[in-house]
Each structure stands twice: as structure tokens, then as C-alpha cells.
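Reader: Could you take me through the sheets in this one? I'd like a close look at how the strands are ordered and paired, and at what packs against them.

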Amino acid sequence: MYTLLTEKLTLASYSYNRLLFTIFPEVKTGEVIKKFQGLSIPSINLSFELSRSLLELSVKDRIYYLQEKLQEIISSGAEDKLFLYHIEILFEPSLKNNPMSLLEKFSRKKTLLVQWPGEFDGQFLIYGTDSSGEYVKYKYSAEMVLINP
């Protein structure tokens, strides 16, 4: 696992968007975090940290300050790599944003390893279902997606 992940992280570090997605369909988050501790990659529960930052703001202000708060969270450490998990808050319709655009924007300065909370069909990262109000799919290179690494 570590060899493939290290290779992908190296590849990501030379990309314009230093963004790598992992998908662990049947593994609990705690187990995933332990896997990355061996690589000395700090981890952040994004939904927890971002919701805590936005909590005191009005719904309207949350939209306005979302990028600023996300920047504060991602740049809080000096490390050049960061593992983000529980990113579901980015799909919250009231925040009126494009989750992939946000992740790409903030991955230009720091390599982001992101646990995708959905599926990958070989071409598209998929979140939600057709019947849910949060269904989205993004075309993404299979080279930058690891399933059960």
C-alpha cells in the first residue's frame, strides 16, 4: 500500500492541482487514518472543523466566508501534505459552492489527499444518488484515484 500511495503522492506533487483521491468503500475512517499515520501525513475531519468555523455565521455569511475558513483550516499546518476526510460538508446545498473547484484551488499550494465519500467508476468521481439533491459527478483521471490502497 505505502509504495503505491507514495508513488501517487509524488506524482500529485508535480501536478498543477496537487490532489489525490482515495476511496475505501468498506473500511472505517479510523482505520484509514491509521494507514496514513505511518506516512506522517496529518489528517483533518473537514466536516467537523469547517462546521465549527461556520457555526456562528448566518447562512448567508457562510457562503461568503466558506473559502476563507477552508483556507485557514488547510493552511493551519506547515506540512506540505494533508489528508482530508469527512468532506461531506462541501456538498451542503446551502453553501452554494462547487466542492471539486474548492479542492482544486486549495491543492495548488499543498498536496491534498482526500477520502472521497462516494464512488469512482473509472472516469467519474460520484457523490450522492440521482434521487438525492446532492448528486454530482466529476470527470477525474484514474491515475489520481486510489481504491483501497
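Author: Sure, and keep in mind that this is a predicted model. Let's start with the open sheet of 5 strands, which reads β2-β3-β4-β1-β8 in order, with parallel pairing. At its edges sit β2 (43-45) and β8 (145-147), each of which pairs on one side only. Going from one strand to the next, the twist averages 20 degrees.

Now to the β8 edge. The partner of β8 there is β1, residues 19-23, and the two pair in the parallel sense over 3 bridges. If you want a spot to click on, try Phe21: its bridge partner in β8 is Val145.

Over at the β2 edge, there's a helix to look at. Helix α3, made of residues 46-54, lies across β2 and β3 (81-85). Relative to β2, α3 runs at about 60 degrees.

Then there's the other sheet. This one is also open, but it has 3 strands in the order β5-β6-β7, and the pairing is antiparallel. Its edge strands are β5 (119-120) and β7 (136-139), and each of them pairs on one side only. That puts β6 in the middle of the order. Strand β6 covers residues 124-127 and pairs with β7 in the antiparallel sense over 4 bridges. For a residue-level view of that pairing, go to Tyr127, whose bridge partner in β7 is Val136.

So, to put the two side by side: parallel pairing in the sheet of 5 strands, antiparallel pairing in the sheet of 3.

Key. Residues numbered from 1 in each chain as written. Predicted model: local features only at pLDDT ≥ 70, side-chain atom pairs only at ≥ 80, totals over all residues. Heavy atoms only, no water. Pairing = 2+ DSSP bridges. Axes fitted to C-alpha atoms, helices over the stretch in contact; angles between N-to-C directions. Contact = heavy atoms within 4.5 Å.
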